[in-house]
Amino acid sequence: MLYILQLYTKAIGEVETAPQRKIIHVDMDAFFASVEQRDNPDLRGKPVAVGGSRERGVVAAASYEARQYGVRSAMSSLMAIRKCPHLIFVKPRFEVYKTVSAQIRTIFADYTDLIEPLSLDEAYLDVTERASADLTATQIAQEIKERIRQETQLTASAGVSYNKFLAKLASDYRKPDGLFVIKPHQGLAFVEQLNVGQFHGVGRVTAEKMNQLGIFTGLDLRQQTEAFLTRHFGKVGHHYYSIARAIDDRPVTANRVRKSVGSENTFSHDLTEESELLTGLEPLTDDVWAYCERTGVYGRTVTLKVKYADFQQITRSRTLPTTVASRNILQQITADLLTGLLPLPKPVRLLGVSISNLDTVTTTSANGQLALDL
């Protein structure tokens with residue numbers, strides 16, 4: 001009986017001594033704009049916006065010089081120019097950004113296989129297995145930053161902590177070119193002093209709703225019950241309850257499965273004619289289909305997004321029994337979805353096309369139908 005008890009105790013002890021995770025979040029500094037300044041010395045030290053300068057244009061990225069004037073990504077070009085009259089607009093070069101992003105991910109791969117890209121310019125890395133007494137997670141983050149600088153002539157900010165939520169907060173804390181560490185005994189105190197609007201995943205509208213409920217800081221959020229948060233915010237209330245306590249059990253997931261692929265365009269003038277709308281759909285369909293062919297990922301659900309001149313937004317979708325088999329079929333479905341909205345109740349400002357319910361396709365059968373890799 002004593003021998004069995006000793007084995008049981010040892011097994012329990014092994015479970016309880018699981019290693020503390022070591023997570024790094026790397027975020028490139030003003031990535032698109034920094035690439036443009038790197039490649040064009042005339043832009044260095046000047047306020048730069050990547051995006052369209054047209055009346056209906058939108059800022060995709062802003063240099064730190066532009067941010068000093070209040071220019072931000074997703075801001076309309078007109079608003080950006082009002083804030084910074086001498087702002088320099090540069091057309092985006094996404095193929096260049098993708099190439100640089102691939103360089104950076106190659107650097108990441110020298111330290112861990114657990115890499116979860118969030119976009120071209122940021123990713124989570126789980127370095128629990130690589131970190132040791134001789135090379136800590138903080139030292140790994142510093143080494144990654146230095147290699148990015150040497151190999152791409154760009155800067156990155158990094159956050160190091162024991163979960164994804166805190167690592168993301170840490171990388172934002174000392175931008176640009178920052179490195180900040182939140183240790184296990186510091187997590188709770190760090191979270192409680194932040195404004196809820198600084199939490200990743202809490203947008204402006206949610207932050208305003210929290211403020212109306214008397215929740216302004218992480219400490220305020222932690223003082224709420226889980227029942228209260230789920231009553232006011234639904235299922236995500238459980239997440240808010242956890243992060244207010246510096247708890248985040250989400251693993252770093254390599255090769256995240258993309259749920260959809262899409263393309264959209266805000267037009268230089270509002271569209272009212274069917275012929276204009278159909279013409280506007282063509283480059284969006286081309287973009288989506290080019291991605292499908294490039295990656296071998298195809299989908300069954302096609303969605304048309306329409307934003308009217310008054311900013312009202314609607315979507316219409318159609319799901320097929322099998323993946324969309326050709327660009328012509330994709331074009332026909334989007335056209336049919338659009339035709340179903342005619343006559344237009346008001347002019348159209350934006351159109352978008354996306355495919356979801358994605359599957360990886362590796363071969364094409366003799367009859368032209370896409371064959372799934374099962």
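Here are some exercises with worked solutions on this predicted model.

## Exercise 1: Get an overview

**Task.** Work out how many helices and strands the protein chain has, and what share of its residues count as buried.

**Solution.**
- Step 1: Start with the secondary structure. The chain comes to 14 helices and 13 strands.
- Step 2: Now look at burial. Of the 374 residues, 42% count as buried.
- Step 3: Check how contacts span the sequence. Take the contacts between residues at least 6 apart: 62% of them join residues at least 24 apart.

## Exercise 2: Put the five-stranded sheet in order

**Task.** Find the order of the strands in the open sheet of 5 strands, then say which strands are at its edges.

**Solution.**
- Step 1: Walk across the sheet. The order is S5-S6-S1-S7-S8, and the pairing is mixed.
- Step 2: Pick out the edges. Strand S5 (115–119) and strand S8 (179–181) each pair on one side only.
- Step 3: Look at the turn between neighbours. Ignoring direction, neighbouring strands are turned by 15 degrees against each other on average.
- Step 4: Zoom in on one pair. S7 and S8 run parallel and are joined by 3 bridges. Here Ala158 stands opposite Leu179 in S8.
- Step 5: Add the helices. H5 lies across S1, S5 and S6, at about 155 degrees to S5. H6 lies across S1, S6, S7 and S8, at about 170 degrees to S7.

## Exercise 3: Do the same for the three-stranded sheet

**Task.** Explain why strands S3 and S4 each have one side without a neighbour in the sheet.

**Solution.**
- Step 1: Write down the order. This open sheet of 3 strands goes S3-S2-S4, with mixed pairing.
- Step 2: Look at the ends. Strand S3 (59–62) and strand S4 (88–90) stand at the edges with a single partner strand each, so one side of each has no neighbour in the sheet.
- Step 3: Note the twist, which averages 30 degrees from one strand to the next.
- Step 4: Check a pairing. Strand S2 (residues 48–51) and S4 run parallel, with 3 bridges between them. Val48 has Ile88 as its bridge partner in S4.
- Step 5: Find the helix that packs on this sheet. H2 touches S2, S3 and S4, and its direction makes about 115 degrees with that of S2.

## Exercise 4: Trace the largest nonpolar core

**Task.** Say which residues have the most contacts inside the largest nonpolar core, and which elements each supply at least two of its residues.

**Solution.**
- Step 1: Begin with the residues. The core has 30 of them, and those with the most contacts inside it are Ile24, Phe31, Phe108, Leu125, Ile140, Ile144 and Ile148.
- Step 2: Go through the elements. At least two residues each come from strand S1 (23–28), helix H2 (31–39), helix H5 (94–109), strand S6 (122–126), helix H6 (137–152) and strand S7 (156–161).
- Step 3: Bring in the domains. Domain 1 (23–28 + 95–186) and domain 2 (31–93) each give this core at least three residues.
- Step 4: Try one residue up close. Beyond its neighbours within four places in sequence, Phe31 is in contact with Tyr97, Val100, Ser101, Ile104, Leu120, Asp121 and Leu154.
- Step 5: Don't stop there! A second, separate core of 29 residues includes Phe267, Leu271, Cys292 and Tyr308.

## Exercise 5: Is Ser171 buried or exposed?

**Task.** Decide on the burial of Ser171, then describe its surroundings.

**Solution.**
- Step 1: Locate the residue. Ser171 is found in helix H7.
- Step 2: Use the cut-off. Buried means under 20% relative accessible area. Ser171 has 1%, so it is buried.
- Step 3: Compare with the helix around it. In H7 (residues 164–173), 8 of the 10 residues are buried.
- Step 4: Look for polar contacts. The side chains of Ser171 and His25 make one at 2.8 Å. A polar atom of the Ser171 side chain also lies 3.0 Å from the backbone oxygen of Lys168.
- Step 5: List what Ser171 touches, leaving out residues up to four places away in sequence: His25, Asp27, Ser157, Ala158 and Gly159.
- Step 6: Finish at the N-terminal end of H7. Asn163 caps it, with a side-chain oxygen 3.3 Å from the backbone nitrogen of Phe165.

Notes. Residues numbered from 1 in each chain as written. Predicted model: local features only at pLDDT ≥ 70, side-chain atom pairs only at ≥ 80, totals over all residues. Heavy atoms only, no water. Core = buried A, V, L, I, M, F, W, Y, C linked by side-chain atoms within 4.5 Å. Buried < 20%, exposed > 50% of the residue type's maximum accessible area, 1.4 Å probe, protein only. Helix = DSSP H or I, 4+ residues; strand = E, 2+ residues; numbered from the N terminus. Domains from an automatic or database assignment. Contact = heavy atoms within 4.5 Å. Polar contact = N/O pair within 3.5 Å; in protein donor to acceptor, adjacent residues only side chain to side chain. Pairing = 2+ DSSP bridges. Axes fitted to C-alpha atoms, helices over the stretch in contact; angles between N-to-C directions.
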